[in-house]
Amino acid sequence: MGNEKDIIILGIESSCDDTAAAVLCNDKILANIVAGQAVHEAYGGVVPELASRAHQKNIVPVVAEALKAAGVSPSDLTAIAYTKGPGLLGSLLVGSTFAKSMAQALDIPTVPVHHMKAHVLAHFIDTGIGKPEFPFICLTVSGGHTQIVKVSSTNDFKIIGETLDDAAGEAFDKAAKLLGLPYPGGPVVDRNAALGNPTAFEFTKPKVADYNFSFSGLKTNFRNFVERETRRNPDFISENINDLCASLQYTIIEMLMDRLVAAAKAYHIDTIALAGGVSANKGLRARLESEAKTRGWKTFIPAFEFCTDNAAMIGITGYYDFLNNERGDLSDAAAARWKME
Ligand code: KG4
Ligand code: ZN
């Protein structure tokens with residue numbers, strides 16, 4: 001299929017609770033399939049053991065569906081890129097073992113991919129809207145990480161700030177759980193926030209040194225406030241749900257933007273990107289746009305399908321790493337923790 005020089009990559013993502021496969025021809029998507037896992041909803045969070053079992057069930061059909069949708073046969077593949085880490089170990093093991101086995105059977109190379117780099121490089125998928133120029137700063141906000149990264153090339157990433165405790169997505173999810181909202185809480189808070197007053201309640205915005213973040217103080221402050229008000233009025237949450245969500249979201253966005261603005265100024269960089277699940281947040285996206293107008297920033301905000309976990313971002317990272325001569329080995333081990341730099 002395609003031109004002889006085309007690089008056809010199968011990307012596989014299984015780091016958390018989505019089993020995903022994508023096929024890319026160079027930097028263009030041919031297919032991008034994500035199977036979510038409803039099994040966690042009843043528990044109000046991801047149960048690692050259940051996630052691994054669901055990946056085990058999903059991986060073969062999801063990969064088959066991606067190849068079929070792309071019109072690509074396994075023998076057309078140049079390489080298989082997979083998430084090596086960071087993430088849940090059992091989940092990573094399913095994707096990495098599958099990828100290595102399939103690559104060995106096809107006698108093609110693997111490209112082990114770093115999940116957080118992949119969130120950033122999702123901006124390099126050719127969707128016809130242009131790619132960020134180097135160097136740029138990316139605010140990567142997901143369920144497990146919150147990072148300000150200086151990106152100088154497709155393989156030069158420098159973390160200039162990160163969370164010292166909870167991630168931004170975790171702050172959304174834990175507060176949402178306290179309000180009795182379903183998992184994952186981020187998108188539900190986002191929807192409710194659109195109907196509420198962001199300054200109805202004031203929550204603490206702990207500041208830590210440099211360009212780092214800390215969200216655990218906000219979590220405690222939010223919990224203490226909601227518990228105290230509920231003791232006074234048992235219907236407090238239901239009567240104020242939209243204002244609670246709007247005020248919580250406003251606080252998280254303020255904390256993120258404060259550090260992002262400071263980092264952009266310090267590094268004299270005015271190309272700013274968002275990445276990760278929380279970049280789907282409408283309030284954050286709007287706030288970045290308005291900040292960009294006043295500061296003259298050029299912004300890159302991912303399409304919704306590339307914010308939360310997906311395999312197209314693994315495929316594009318695999319593509320650039322492949323061009324950079326990075327190849328995996330059958331002895332590569334999945335890594336729950338893996339440094340990005
Ligand atoms: O990047 P991602 O899909 O997975 C990880 O790598 O962690 O991010 C998932 C996180 C969850 O915490 C989820 O609540 C949050 O992204 N999220 C949102 C929104 N959509 C997803 N948070 C706020 N607003 C949203 N619209
Ligand atoms: Zn992610």
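Contact here means heavy atoms within 4.5 Å. The structure is a predicted model, in which local features need pLDDT of at least 70 and side-chain atom pairs count only at pLDDT 80 or more, while totals for chains, interfaces and linings use all residues. Residues are numbered from 1 along each chain as its sequence is written, chains are lettered from A and ligands numbered from 1 in the order in which they are written, and side-chain values use heavy atoms, with hydrogens and water left out.

**Exercise 1. Place Ala 54: which element holds it, is it buried or exposed, and what does it touch?**

Step 1. Find the element. Ala 54 sits in helix H1; helices (H or I, at least four residues) and strands (E, at least two) are DSSP runs, numbered from the N terminus.

Step 2. Check the accessibility. Buried means under 20% relative accessible area, exposed over 50%, and partly exposed in between (1.4 Å probe, protein chains only). Ala 54 has 16% relative accessibility, so it counts as buried.

Step 3. Look for partners. Once neighbours within four places in sequence are set aside, Ala 54 is in contact with Thr 19 and Gln 37.

Step 4. Now compare with a distant residue. Ile 269 is 215 residues from Ala 54 in sequence, and their C-alpha atoms are 42 Å apart.

**Exercise 2. Walk along helix H1: what span should it have, and where is its kink?**

Step 1. Work out the span. The rule is 1.5 Å times one less than the number of residues. For the 23 residues of H1 (48-70) that gives 33 Å, and the end C-alpha atoms are 30 Å apart, which agrees.

Step 2. Find the kink. H1 bends by about 40 degrees at Asn 58, shortly before Pro 61; the bend at a residue is the angle between axes fitted to the seven residues ending there and the seven starting there.

Step 3. See what covers the helix. Buried residues of H1 include Ala 51, His 55, Asn 58, Ile 59 and Val 62. Their cover includes strands E1 (8-13), E2 (19-25) and E3 (28-35), along with helix H2 (89-106).

Step 4. Step off the end. Just after H1 comes Gly 71, with a positive phi of about 70 degrees.

**Exercise 3. Take the zinc ion (ligand 2) apart: which protein residues are its donors, and how are they spaced in sequence?**

Step 1. List the donors. These are N, O and S atoms within 2.8 Å of the metal (3.2 Å for Na, K and Ca); water is not among the atoms, so sites may look incomplete. The protein gives His 115 (NE2), His 119 (NE2) and Asp 309 (OD), at 2.0 to 2.1 Å from the zinc ion.

Step 2. Read the spacing. The donor residues follow the pattern H-x3-H-x189-D.

Step 3. Use the helix. His 115 and His 119 are four residues apart in helix H3 (115-121), so about one helical turn separates them. An α-helix has 3.6 residues a turn, so residues three or four places apart point the same way. Both His 115 and His 119 are buried.

Step 4. Judge the geometry. Four donors count as tetrahedral if all angles lie between 85 and 135 degrees; four count as square planar and six as octahedral if opposite donors are over 155 degrees apart and all others between 65 and 115; anything else is irregular. The four donor atoms here make angles of 95 to 138 degrees, and the site is irregular.

**Exercise 4. Explore the largest nonpolar core: how many residues has it, and which element gives the most?**

Step 1. Count. A nonpolar core is a set of buried Ala, Val, Leu, Ile, Met, Phe, Trp, Tyr and Cys residues joined through side-chain atoms within 4.5 Å. The largest has 48 residues, and those with the most contacts inside it include Leu 179, Phe 215 and Trp 297.

Step 2. Find the contributors. Elements giving two or more residues to this core include H4 (168-178), H6 (216-232) and H7 (236-267). H7 gives the most, with 16 residues.

Step 3. Zoom in. Beyond residues up to four places away in sequence, Leu 179 touches Phe 222, Val 226, Ile 237, Ile 241, Leu 244 and Cys 245. Another core, of 35 residues, lies apart and has Ile 7 and Phe 300 among its members.

**Exercise 5. Check two odd backbone spots: where is Asp 107, and which bond is cis before Pro 86?**

Step 1. Asp 107 is in the loop between H2 and strand E5 (110-114). Its phi is positive, about 60 degrees, although Asp 107 is not a glycine. At 70% relative accessibility, Asp 107 counts as exposed.

Step 2. The peptide bond from Gly 85 to Pro 86 is cis, with omega near -10 degrees. Pro 86 belongs to the loop between strand E4 (79-85) and H2.
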